[in-house]
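Reader: I am new to this structure and would be grateful for a close look at one part of it. Please begin from a single element and then place that element in its surroundings.

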Amino acid sequence: MRLTYTIALLFALLWPSQARPQFIPNGVSFSGLLGTVTVDRNQWHRLNIRPSVNLGSVRAAFDLELFMDENGRIRDRGWDFSSRRSGLQSILRKIHYLQYGMPEDPNRPLYFRIGALDHLTIGNGLIVRDYRNTFGSPGDKRTGLDLQMRGFLWQELDLRGFVSDLVDLLDRGSPVLGGGVTTSVIGGAELGGSLVVDLDQHAALPDSVRPIDTNPYAVYGADLIFPLYQEAGKRFALYGGFARNAATANRGFGIHGPGLSYLAGRLSARVEARYTLGRFEPDHFDAFYDQTRATVSPEGRVATREDGIKDASMRGLFARLTYERVRSFSLHLSYQHLTGSDLSDRILWADVSIFPELLRSIRWVTLSEFYLEKRSRASSTVGFLDADQDTRFGYRIGLQPARKVQVIWEVEFTYEPDDLDGFKRRRTFNLQTGFSL
């Protein structure tokens, strides 16, 4: 497993990630997807008709799906109204996304997105960084909400909030939710506060194994950003902050800073010192969260993400580099290395995407994406270059053999505990033909 993973690691750094929003012209268009997808570890056939809307600041795409299982039976996934929960899921999974505005637009008072959430970060990211609710999609589909309001109550106050799954919110009242507020203070500095709560870490488990009692977990914190240099399109800033967990008897806190951030157009970079004391881990709500929120071992033991936090004092660095060029190229690299108490907590994230403008010279290829996410937590029983449940990598390739036809090949690898105190690889495979109507 180490050799395979090392090859994947090198490939991730050298070659093209997660699906990016597809841009459509103003107006209404129709497209479709036909192919095979992984649903509950089985390969099903899926037909999806997708109406898309792009009207000024409003963008939307809807999914009208039909599934056929491995035995050729038409399934009611997405059309089951036999209970309140299944009815809500059937209605909300029709929304691929509904979006108004862009979160980075400083002149827009309102932004919201309903549907798939990717790369969601609150504040400076010590609590929530790169959270996504798309684990298991399209078989398992969560419809989230991301909302931002600028000038809320008074001109200098900005509000950002999110809900991981509207079905959980409306049915059981147990999603992951949270947000932050930011305001300007003396000297142009920005002061922010954030709070994120998992109302029941067991909510993701099947009813047959989910404990009756709720098991909430929360983290709150504050950030301070002080601009050192700022002009149109460029910013250089000093920042720091703290976070502390709540709704638990096992408390701890973390500090990040001093940190330096730089933004120049499509390029952004940051580096910061990090310190933890007690049972606290930075980036607790990350891209792995829905995957590791709560798991069941082969022996039937339930373990939450909180259970894996070690009581330790650690320190180290976190660095991040991002470059976004819409429709042509994007790059995200993140790395964290904390040590202390004979333990370490390391994060590596590599995400490279090459889009049509740079692929015109390669016949038929329209999209090339590769991503790798790896976290070696302080409680991990394997080495950093070995795979465990905090490992995810995959790729997405788009081919266009004919006009208005695109073949999309998606493969993702994750890992889960096996019966031998190790981890077995889980492969999710989607091969779909996209067509424009």
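Which residues of H2 are buried?

Author: The model under discussion is a predicted one. In H2, the buried residues are Arg 85, Ser 86, Gly 87, Leu 88, Ser 90 and Leu 92. These buried residues pack against strand E6 (95–100) and against H3. A general point about helices helps in reading such a list: an α-helix has 3.6 residues a turn, so residues three or four places apart point the same way.

Helix H2 (84–92) also takes part in an open space, since it supplies at least two residues of the lining of the second largest pocket. Helix H3 (166–171), against which H2 packs, likewise gives at least two residues to that lining. The other elements that do so are helix H4 (289–292), strand E16 (294–296), strand E23 (405–417) and strand E24 (423–436). The second largest pocket holds about 1600 Å³ of space. It is lined by 48 residues, and those closest to its centre are Asp 40, Asp 140, Arg 142, Ala 204 and Pro 206. Sorted by class, the lining comprises 22 charged, 14 nonpolar and 12 polar residues.

One residue of the helix can be related to a distant stretch of the chain. Gln 89 and Leu 199 are 110 residues apart in sequence, and their C-alpha atoms are 19 Å apart in space. Leu 199 belongs to the loop between strand E11 (190–198) and strand E12 (217–231). Its relative accessible area is 30%, so Leu 199 is partly exposed. Apart from neighbours within four places in sequence, Leu 199 is in contact with Gly 173, Ser 174, Pro 175, Leu 177, Thr 214, Asn 215 and Pro 216.

The wider setting of the helix is as follows. The protein chain contains 5 helices and 24 strands. Its radius of gyration is 22 Å, close to the 22 Å that the globule rule gives for 437 residues, so the chain is as compact as a globular protein of that length. Along the principal axes, its C-alpha trace spans about 60 × 55 × 45 Å. Of the 437 residues, 49% are buried.

Some buried residues join into nonpolar cores. The largest of these cores has 16 residues, and Ile 127, Val 128, Phe 162, Val 196, Val 219 and Phe 285 have the most contacts inside it. Val 128 touches Leu 120, Thr 121, Ile 122, Phe 162, Val 196 and Phe 285, when residues up to four places away in sequence are not counted. A second core, separate from the largest one, has 11 residues, including Leu 372, Phe 384, Phe 393 and Phe 429.

Enclosed spaces may be considered next. Rolling a probe the size of a water molecule over the atoms shows where empty space is left. The largest cavity has a volume of about 150 Å³. Among its 14 lining residues, Asp 130, Asp 286, Ala 287, Ile 347 and Trp 349 lie nearest the centre. Strand E20 (343–354) and strand E21 (365–376) are the elements that give two or more residues to this lining. By class, the lining has 7 charged, 6 nonpolar and 1 polar residues. The second largest cavity has a volume of about 70 Å³. Its lining includes Thr 276, Phe 280, Lys 310, Met 314 and Ser 379, and divides into 5 nonpolar, 4 polar and 3 charged residues.

Asp 130, one of the residues nearest the centre of the largest cavity, also deserves attention for its backbone. Most residues other than glycine have a negative phi, and most peptide bonds are trans. Asp 130 has a positive phi of about 60° although it is not a glycine. It sits in the loop between E7 and E8, and its relative accessibility is 8%, so Asp 130 counts as buried. Ser 341, in the loop between strand E19 (329–340) and E20, also is not a glycine yet has a positive phi, of about 55°. At 48% relative accessibility, Ser 341 counts as partly exposed.

Two peptide bonds complete the account. The bond from Ser 137 to Pro 138 is cis, with omega near 5°, and Pro 138 is found in the loop between strand E7 (110–115) and strand E8 (144–150). The bond from Gly 257 to Pro 258 is cis too, with omega near 0°; Pro 258 lies in strand E14 (residues 252–264).

Key:
Residues are numbered from 1 along each chain as its sequence is written. This is a predicted model: local features need pLDDT of at least 70, side-chain atom pairs count only at pLDDT 80 or more; totals for chains, interfaces and linings use all residues. Side-chain values use heavy atoms; hydrogens and water are left out. A nonpolar core is a set of buried Ala, Val, Leu, Ile, Met, Phe, Trp, Tyr and Cys residues joined through side-chain atoms within 4.5 Å. Buried means under 20% relative accessible area, exposed over 50%, partly exposed in between (1.4 Å probe, protein chains only). Contact means heavy atoms within 4.5 Å. On a 1 Å grid over the protein atoms alone, a cavity is a set of points where a 1.4 Å probe fits but cannot get out, and a pocket is an open set with protein on both sides within 12 Å along at least five of seven lines; lining residues have an atom within 4 Å of a point. Grid points are joined across faces, edges and corners, and a volume is the space filled by probe spheres set on the points. Helices (H or I, at least four residues) and strands (E, at least two) are DSSP runs, numbered from the N terminus. Ala, Val, Leu, Ile, Met, Phe, Trp, Tyr, Cys and Pro count as nonpolar, Asp, Glu, Lys and Arg as charged, and the others, Gly among them, as polar. The radius of gyration is taken over C-alpha atoms; the globule rule is 2.2 Å times the number of residues to the power 0.38.
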